[in-house]
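User: I am in my first year and would like a close look at a single part of this model, explained slowly. Please take me through one place where two helices meet.

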Amino acid sequence: MPGRTNGGWGDQSIDGIFTASYGCQKGELDQSIMGRGWRAALRSGIWLLAVFVGLYPVSHALHLRPTVHLIQLAEAANQKALFRDYFFVAVVLVTASFGNVLYCMVNVERLPSWAKALFVFTMLYYFYVLMYGVSRFAELAEITTPVELPELHDDLWFMGFAVAVTLLAELGISLTEKVEPSIVPAV
Amino acid sequence: MNEFTDLILSPAAAKFISGFFAGVVVSIYALRFGLPAKTRIAIRERVRAASGAVRHAVHWHGHA
């Protein structure tokens, strides 16, 4: 009875085949892949950068530095009838996250149930945000006086919720995506 | 129809709808990461059993 050919790898052990395929030991490969926590931190960092980049035009118009005091920035923008620019940051963030979520849903083969639920609700919500955001921006663009305080507060709550959902969706993507190591066969 | 559109595209409705969806998203995270695995599996089994019962009822209703 002929012996097993081991897939053409001769008498090599599994570890030997692994080393020959990946060019490193098993443990080294595990360490080389960025963990989920790091990927989530990186994605959150990029998200935060996007928020500040989005706020830059309105800060520049108000002669202010990008700041974490977002409520004061909103009130200052409203006083100069620039709230529409501030408001549109949420729409841009949602649009970017919409693409990321859609790509993740299409790209990942087997999503866990919680991620499926998260992404479906998120996509439904994003449709609404895009609809409301664009119509509200058009409305704000025609207003030359500051928005009334109750409406301003409602819009700020809306923005806060929308931005929080985008962050949670981005974290959901980080927790579900699978990054395959690049396989470089040893020559 | 126009009044309904004006209603759902008002800032107050946007706040309410956004709050609802944010609550749903936070609840999903809480169910996934805030509960012990045993409780989570028990809830999942109950949901599956309920959805199976509904599917069964719909199937037999369709044949009636």
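How are H7(A) and H2(B) directed relative to each other, roughly parallel or roughly antiparallel?

Analyst: Please keep in mind that this is a predicted model. The helices H7(A) and H2(B) pack with their axes 8 Å apart and at an angle of about 30°, and because angles under 35 degrees count as roughly parallel, H7(A) and H2(B) are roughly parallel to each other. The crossing in which H7(A) passes H2(B) is left-handed. On the side of H7(A), the residues that make the contact include A:Trp157, A:Phe158, A:Phe161, A:Val165 and A:Leu168, while on the side of H2(B) they include B:Ser18, B:Ala22, B:Val25, B:Val26 and B:Tyr29. Sorted by class, the contact of H7(A) with H2(B) has 15 nonpolar, three polar and four charged residues; among the residues taking part are A:Glu151, A:Asp154 and A:Asp155 of H7(A), together with B:Lys15 of H2(B).

Both helices also belong to a wider setting, since helix H7 (149-176) of chain A and helix H2 (11-33) of chain B are among the elements that give two or more residues to the largest nonpolar core. That core has 52 residues, and A:Tyr125 is, with A:Phe83 and A:Tyr86, one of those with the most contacts inside it. Leaving aside its neighbours within four places in sequence, A:Tyr125 is in contact with residues of both chains, including A:Phe158, A:Phe161 and A:Val165 as well as B:Ile17, B:Ser18 and B:Phe21.

Technical notes. Residues are numbered from 1 along each chain as its sequence is written. Chains are lettered from A and ligands numbered from 1 in the order in which they are written. This is a predicted model: local features need pLDDT of at least 70, side-chain atom pairs count only at pLDDT 80 or more; totals for chains, interfaces and linings use all residues. Side-chain values use heavy atoms; hydrogens and water are left out. A nonpolar core is a set of buried Ala, Val, Leu, Ile, Met, Phe, Trp, Tyr and Cys residues joined through side-chain atoms within 4.5 Å. Buried means under 20% relative accessible area, exposed over 50%, partly exposed in between (1.4 Å probe, protein chains only). Helices (H or I, at least four residues) and strands (E, at least two) are DSSP runs, numbered from the N terminus. Contact means heavy atoms within 4.5 Å. Axes are lines fitted to C-alpha atoms, for helices over the stretch in contact, and angles run from 0 to 180 degrees between N-to-C directions. Angles under 35 degrees count as roughly parallel, over 145 as roughly antiparallel, 65 to 115 as roughly perpendicular and the rest as oblique. A crossing is left-handed if the near helix is turned anticlockwise from the far one by less than a right angle, and right-handed if clockwise. Ala, Val, Leu, Ile, Met, Phe, Trp, Tyr, Cys and Pro count as nonpolar, Asp, Glu, Lys and Arg as charged, and the others, Gly among them, as polar.
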